[in-house]
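Trainee: Please take me through a single part of this model in close detail. Start with what packs over it, then work outward to its surroundings.

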Amino acid sequence: MTHDDPVTEELRLRHAAVTGLQTSLLTTRSVEEFLQTVVDGAAQHIAPNIACTLTMLREQTLLTAASTDEQATEADKVEYEVDSGPCVEAARHGVESVIADLRHDDRWPEWRTASLKLGFLSAAAVPGDTGDGAQISLDLYGRELDAFGEPEMQKGRVVVEEIARALRLSLLLAQQAELAQHLEAAMVSRSTIDQALGVIMGQNRTTRQEAFEILRAASQSRNIKLRDIAAAIIENLTGHPAADPPAFDRRSR
């Protein structure tokens, strides 16, 4: 195989895309920051002097998740408003589009008119699927005619596939972090309630179930959350706030 072999070239492109996306995942602090880094890199990697946006379709709602250029964002908005355009086709139906000359393409007239006014002469849209109920489109805007030939589109396909995979991982990590926060909150709440039950049992010489009924009745009569009434009881009867539970180790499995 030579360096010009299509398989070798795709592997090279994919390796470059994966390396860049992995670096972005490790160095960014939020999904939003990660997506912005991704589109910035895509614009530099695919072709010179282009703008790039990332459209996301989730629960039938279209939005621009990240953009390198305000004019490109405005062009996207026109598509969303009329629900017609290459990135809409890519996100909704998985259809790839290339527009070599916007002046002579009448498939999406409202978007075309807006894009020309914003300074774009060519465009493309490459679909992707995160596999998590969200579809994406990598939207490419060129300020020159025929900015997106087959080499540029091949780069776009590789990039959007790896974006979808990385986004899937990013969303999974975000969900796990949210789950860990919920577990921590539940542990704090349970610990506070258990301490309050102990105080009530000692003060009233009741069983645990009877103590719980007392606590629940107080919560309902005052319309205060069970954890909050438990915390108030502990502080009122002991003079000290409820003790925090042991720290939750997020590395545990």
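Mentor: Start with the cover over helix H3. In this predicted model, the elements that cover the buried residues of H3 include strands E1 (50-58), E2 (61-67) and E5 (134-142). Helices H4 (86-93) and H5 (109-117) are also among them. What lies beneath that cover? The buried residues of H3 are Ala72, Thr73, Ala75, Asp76, Val78, Glu79 and Tyr80. Note that Asp76 and Glu79 are in that list.

Now the helix itself. H3 spans residues 70-82, which gives it 13 residues. From its first C-alpha to its last it reaches 19 Å. That is close to the 18 Å expected at 1.5 Å a residue. Look at both ends. At the start of H3, Asp69 brings a side-chain oxygen to within 2.7 Å of the backbone nitrogen of Gln71. At the other end, H3 is followed by Asp83. The phi of Asp83 is positive, near 55 degrees. For background, most residues other than glycine have a negative phi.

Follow Asp76 out of the helix. The side chain of Asp76 makes a polar contact of 2.7 Å with the side chain of Thr53. Thr53 sits in strand E1. Is Thr53 buried or exposed? Thr53 has a relative accessible area of 0%, so it counts as buried. Its side chain has a further polar contact, at 2.8 Å, with the side chain of Asp139. Thr53 also has a list of contacts beyond four places in sequence. Within H3, that list holds Ala72, Thr73 and Asp76. It also includes Val39, Thr64, Ala66 and Ser67. Ser137, Leu138, Asp139 and Tyr141 complete it.

E1 deserves its own look, as part of the cover over H3. Why call E1 largely enclosed by the rest of the structure? Because eight of its nine residues are buried. Its pairing is antiparallel on two counts. Nine bridges join E1 to E5, and six bridges join E1 to E2. The two strands run antiparallel in the E1 and E5 pair, and they do so in the E1 and E2 pair too. For register, Arg58 stands opposite Ala134 in E5. In E2, Ser67 is the bridge partner of Thr53. So Thr53 ties into this picture twice: by a bridge to Ser67, and by a side-chain contact to Asp76.

Next, the turns around E1. E1 and E2 form a hairpin with two residues between them. Glu59 in that turn has a positive phi of about 55 degrees. Gln60 lies in the loop between E1 and E2. Its phi is near 65 degrees, a positive value in a residue other than glycine. Gln60 is exposed, with a relative accessible area of 60%. On the other side of E1, Asn49 lies in the loop between H2 and E1. Its phi is positive as well, near 55 degrees. Asn49 is partly exposed, at 47% relative accessible area.

Move on to the nonpolar core. The largest one has 28 residues. Ile136, Leu138 and Leu140 have the most contacts inside it. Helix H2 (31-46), E1, strand E4 (122-129), E5 and helix H6 (150-204) each give two or more residues to this core. Take Leu140 as an example. Beyond four places in sequence, Leu140 touches Ile46, Ile50, Ala51, Cys52, Ser122, Ala123, Ala124 and Phe148. Apart from this core lies another one, of twelve residues. Ala196, Ile200, Leu215 and Ala218 are among them.

Last, the cysteines. Cys52 is buried, with 0% relative accessible area. Cys87 is buried too, at 1%. How many disulfides does the structure hold? Zero.

Conventions: Residues are numbered from 1 along each chain as its sequence is written. This is a predicted model: local features need pLDDT of at least 70, side-chain atom pairs count only at pLDDT 80 or more; totals for chains, interfaces and linings use all residues. Side-chain values use heavy atoms; hydrogens and water are left out. Helices (H or I, at least four residues) and strands (E, at least two) are DSSP runs, numbered from the N terminus. The expected span of a helix is 1.5 Å times one less than its number of residues. Buried means under 20% relative accessible area, exposed over 50%, partly exposed in between (1.4 Å probe, protein chains only). Contact means heavy atoms within 4.5 Å. A polar contact is a pair of N or O atoms within 3.5 Å; within protein, one must be able to donate a hydrogen and the other to accept it, and residues adjacent in sequence count only if both atoms are side-chain atoms. A disulfide is a pair of cysteine sulfur atoms within 2.5 Å. A nonpolar core is a set of buried Ala, Val, Leu, Ile, Met, Phe, Trp, Tyr and Cys residues joined through side-chain atoms within 4.5 Å. Two strands pair if DSSP finds at least two bridges between them.
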